[in-house]
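Work through the exercises below with the structure open. Each task is followed by a solution in steps.

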Amino acid sequence: MNALEGVRIALTALQANLMRSILTTLGVVIGVAAVIAMTAIGTGAAADIQARINKLGSNLLFITPGKAQSGRIGMGFGSGTSLLVTDAKDIRKELTDVLAGVAPEVNVNTQIKVGNQNNNYTCVGTYSDYYFVHAVDLDAGRFFNRLDEDASRRVCVIGGNLVNDVFGGITPAQCVGKQISIKAIPFEVIGVMTIIGGFGRADDQIFIPLSTCQQRLQNLTYLRLISVSVRLDLDVNTVESQVEKWLRHQHRLRYDQDDDFSMRTQADIAATLSDTSRTFTLLLAGIAAISLVVGGIGIMNIMLVTVTERTREIGIRKALGATQHNIQLQFLIESVTLSVLGGTIGVGLGIGAAALLQSKVGLTTIVTTSSIIISFGCSAAIGIFFGYYPAKHAGSLDPIQALRHE
Amino acid sequence: MSELPKAAVLVEGLTKTYDTGGTPVHALRGVSFEVMPGEFVAIMGPSGSGKTTMMNLLGCLDRPTAGRYLLDGEEVSTLNDDELAYARNKKIGFVFQSYNLLARTTALENVTVPMKYAGVRHGEQVERAKDALQKVGLGDRLDHKPNEMSGGQQQRVAIARALVTRPAILMADEPTGNLDTRTSEEIMALLQGLNDGGMTVVMVTHEEDIAEHCKRIIRFRDGRIENDGPVLKRRVLADFIAEHGEKAADEESGE
C-alpha cells in the first residue's frame with residue numbers, strides 16, 4: 001500500500017463520518033485562529049507604538065531627576081529634587097549651540113472650573129518649545145509662544161479629551177477663546193490639541209507657560225522632566241554626553257559621585273517599548289497556544305473513541321490483509337488530515353477575525369507570515385503527536401478479537 | 001501436468017492450546033487433513049468442538065501452538081504478523097456470518113478494500129470491483145451502502161470482496177447463518193457456481209442441509225476430527241452465476 005492509497009482510505013473514512021470529523025477539527029480551528037488573531041493584535045500594537053515614536057523623531061533626550069529616597073523607599077519617577085527650574089533656564093540659555101528646543105515639565109494637580117462645573121486635571125507648566133519638541137498637533141488655535149511666556153499670560157492649551165469632557169458638545173474651534181478657571185484664576189483657551197489616543201497622557205492635560213504657573217498657581221522649585229531636542233545636524237549620543245558633563249558641572253558633582261539625574265534617548269525608550277510589546281505579543285500567543293494544545297487533546301480524545309467504535313472495521317481490514325502498519329498509517333493520516341484541515345480553516349478564520357477587529361473595533365492588527373506558518377505547522381505537528389497513540393493502539397488490535405467486537 | 005497438483009490446504013498435527021491463566025484449554029488436539037484445489041468442504045461440529053479455532057488458523061488470523069499448515073504450498077504456521085496479513089490478502093477470500101462490510105461505504109468501495117492493501121492500481125481496483133459485483137449479480141447496486149441492501153445482497157457484496165483478489169481459497173464462516181432459507185440457497189448456489197468455476201471453498205456451518213450443498217464434510221468433536229467423508233446425496237442448485245451474473249463476469253468465471 002502506498003501513501004496515496006493511505007490518504008485515499010483515510011479520506012473515505014473521514015467522509016463516512018463527516019459530522020464527527022468537522023466537530024473534531026473545531027478545537028484546532030479555534031486554536032489556530034486564536035494564535036493568528038492574538039499575534040496580529042500584539043504586532044499591531046507594537047507597530048502603533050513604533051509609529052508614534054517615529055513621529056516624535058529620534059533626536060529627543062529626556063532628563064529626569066535622580067530618584068528621591070525616603071528612608072529606603074524610592075519615591076518613584078519624577079519625585080527627585082535634583083532637577084531644578086533654574087537648570088532648565090540655564091540649559092535654554094547656555095546650550096543653544098547643541099539643542100534646538102527645551103521643554104521642562106512641572107505638574108500641578110488642580111481643580112478647574114468651566115461655568116459651574118468642577119473637574120480635576122493635571123496642569124503642565126512648560127516652555128513654548130514643548131510645541132515642536134513633542135511635535136504637537138493642534139485641532140484649533142495655537143500653542144503659547146515666547147511672548148506669552150515672558151509676559152506670564154494666563155493662556156492655556158487643552159488636551160483633546162477636554163473638548164468633550166469639559167465643554168461638551170462644541171467643536172475644538174469653538175473652545176478657542178473660552179474662559180476656564182484654574183485654581184480660581186481665569187485662563188483663556190488659545191489652542192486645542194489633537195487627540196493622540198492609545199497611550200497618550202497629554203489628551204487629559206492642560207498646558208500653560210511655566211512662568212505663569214510659577215507666578216499664579218504654585219511656585220515650584222523642582223522639575224519632574226526636561227525633554228530636549230538635539231539639533232538635527234548633531235549626533236544624539238555625543239550631545240547626550242555633552243549635556244551630562246555640563247549638568248554634572250552645574251550640580252557641582254565630584255568625579256567619584258554618581259549622576260543625580262538620569263538621561264535617556266528616544267532610542268532607549270523605543271527599545272524598552274518594543275521589548276514590552278514583544279513580551280505582550282508572546283503572552284497573547286502563549287494563551288492562544290494553550291487553546292491549540294487543548295484542540296489537539298480533543299483530536300486525541302475523538303481518535304481514541306473512534307478506534308474503540310471502529311474496532312470492528314479494524315478487524316475487517318486486518319482480515320482482508322491490512323498490516324499493523326497499514327492500520328496505524330490510516331488512523332495517523334486521519335488525525336493529521338483533521339488537524340491540517342482545522343489549521344487551514346483556522347488560518348482563514350484568524351485572518352478574518354484580525355480584519356474584523358481592525359475595521360469594527362479600530363485596533364491596529366498585523367497578521368504576520370510567521371504566525372501563519374508556525375500555527376499551521378503546530379496544528380500538523382499536533383495531528384501527528386496526538387494521533388500517534390490512538391493509531392498505534394488501533395494497529396495493535398488482534399484481528400480475531402476485533403472481528404468479534406460488537 | 002506432470003507433477004501432482006499441490007494441496008490448497010495441508011495441515012499436519014495441528015494443535016492449538018489457549019493459556020487463559022490456570023488450566024490450559026485444548027481447542028485442537030492434533031488435526032491433519034488435506035484440501036485439494038477445486039474441493040468444496042464443509043467443517044461441522046458442535047460448539048466447543050474446535051471448528052472456529054480451525055477456521056481462525058486456516059484463515060491465517062491465528063498461529064497454531066504446534067503442527068504444520070501449508071497454504072497453497074507455503075508454510076504459514078511460522079509467519080510473523082505482517083507475513084500473515086500478506087497471506088490473508090493474497091491467498092484467502094473471507095466470507096463472514098455477519099457480512100462485515102464497512103458501514104456508510106458503498107458496495108463498490110467495500111469490494112476495493114482488499115486490493116488497496118495488495119497495491120493494485122486505483123483504476124484497476126474499480127474495474128475489478130465492478131466485475132466481481134457483476135459476477136454476484138449486483139452490477140446495478142454499485143453505489144448502494146450496506147444499510148440500503150438486504151442480508152443476501154450484503155453477503156453477495158462480501159463474496160465479491162472475497163473473490164476480487166483472486167485468492168487460492170475461499171473461506172466462509174457460517175455464511176448463511178444470518179439468512180432465511182431462500183436467501184441461504186441463493187448464497188449456496190453462488191458458492192456452488194464459484195466452485196464449479198474452479199474455486200476451492202472451505203466453509204464452517206452447523207446446519208446439516210447447508211453442508212449437504214458441499215462435496216465433502218469434515219466433522220469435529222473435542223478438538224479432533226471425528227469424521228471426514230464425501231457428501232453422498234449432494235444438493236445441487238441451478239447455477240447462480242449463469243442465471244444472475246452478467247456478461248463481464250462470464251469471461252472471468254473460468255479462472
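**Exercise 1. The contact between the chains**

Task: find how many residues of chain A are in contact with chain B, and which elements of chain A supply them.

Solution. The model is predicted. Step one is the count: 19 residues of chain A are in contact with 21 residues of chain B. Contact here requires C-beta atoms within 7 Å. Step two assigns elements. Four helices of chain A each give two or more residues to this side: α1 (3–16), α11 (311–319), α12 (324–361) and α14 (399–404). Step three ranks them: α11(A) gives the most, with 5 residues. Step four sorts the chain A side by residue class: 10 are nonpolar, 5 polar and 4 charged.

**Exercise 2. The overall form of chain A**

Task: decide why chain A counts as more spread out than a compact globule.

Solution. Start with the secondary structure: chain A holds 14 helices and 12 strands. Now compare radii. The radius of gyration is 33 Å, while the globule rule gives 22 Å for 406 residues; the value is well over the rule, so chain A is more spread out than a compact globule. Next take the box. Along the principal axes, the C-alpha atoms of chain A fill roughly 100 × 60 × 45 Å.

Then turn to the domains. The assignment gives domain 1 (3–52 + 272–404) and domain 2 (60–231) of chain A. Their centres, taken over C-alpha atoms, are separated by 54 Å.

Finish with burial and contacts. Buried residues make up 41% of the 406 residues in chain A. Of the contacts in chain A between residues at least 6 apart in sequence, 81% join residues at least 24 apart.

**Exercise 3. The partners of β4(A)**

Task: for strand β4 (99–114) of chain A, state how many bridges join it to β11(A), to β5(A) and to β8(A).

Solution. Take the strands one by one.

- β11 (225–230) of chain A: 6 bridges, antiparallel. Here A:L99 has A:V230 as its bridge partner.
- β5 (117–126) of chain A: 9 bridges, antiparallel. A:V106 is partnered with A:G125.
- β8 (179–182) of chain A: 2 bridges, antiparallel. A:I112 is partnered with A:I182.

Now look at the turn. β4(A) and β5(A) form a hairpin with 2 residues between them. In that turn, A:G115 has a positive phi of about 60 degrees.

**Exercise 4. A sheet in chain B**

Task: write the strand order of the open sheet of 6 strands in chain B, then name its edge strands.

Solution. First, the order: β6-β7-β8-β3-β9-β10 of chain B, with mixed pairing. Second, the edges. β6 (92–95) and β10 (224–230) of chain B each pair on one side only. Third, the twist: from one strand to the next, the average is 15 degrees.

Fourth, check one pair inside the sheet. β3 (40–44) and β9 (216–221) of chain B run parallel and are joined by 4 bridges. Within this pair, B:V41 stands opposite B:R216.

Last, add the helix. α1 (51–58) of chain B packs on the sheet. This helix touches β3, β7 (169–173), β8 (200–204) and β9 of chain B. The direction of α1(B) makes about 140 degrees with that of β3(B).

Definitions and conventions
Residues numbered from 1 in each chain as written. Chains lettered and ligands numbered in written order. Predicted model: local features only at pLDDT ≥ 70, side-chain atom pairs only at ≥ 80, totals over all residues. Rg over C-alpha atoms; globule rule 2.2 N^0.38 Å. Buried ≥ 20, exposed ≤ 12 C-beta atoms within 10 Å, placed from the backbone. Contact = placed C-beta atoms within 7 Å. Nonpolar A, V, L, I, M, F, W, Y, C, P; charged D, E, K, R; others polar. Pairing = 2+ DSSP bridges. Axes fitted to C-alpha atoms, helices over the stretch in contact; angles between N-to-C directions. Domains from an automatic or database assignment.
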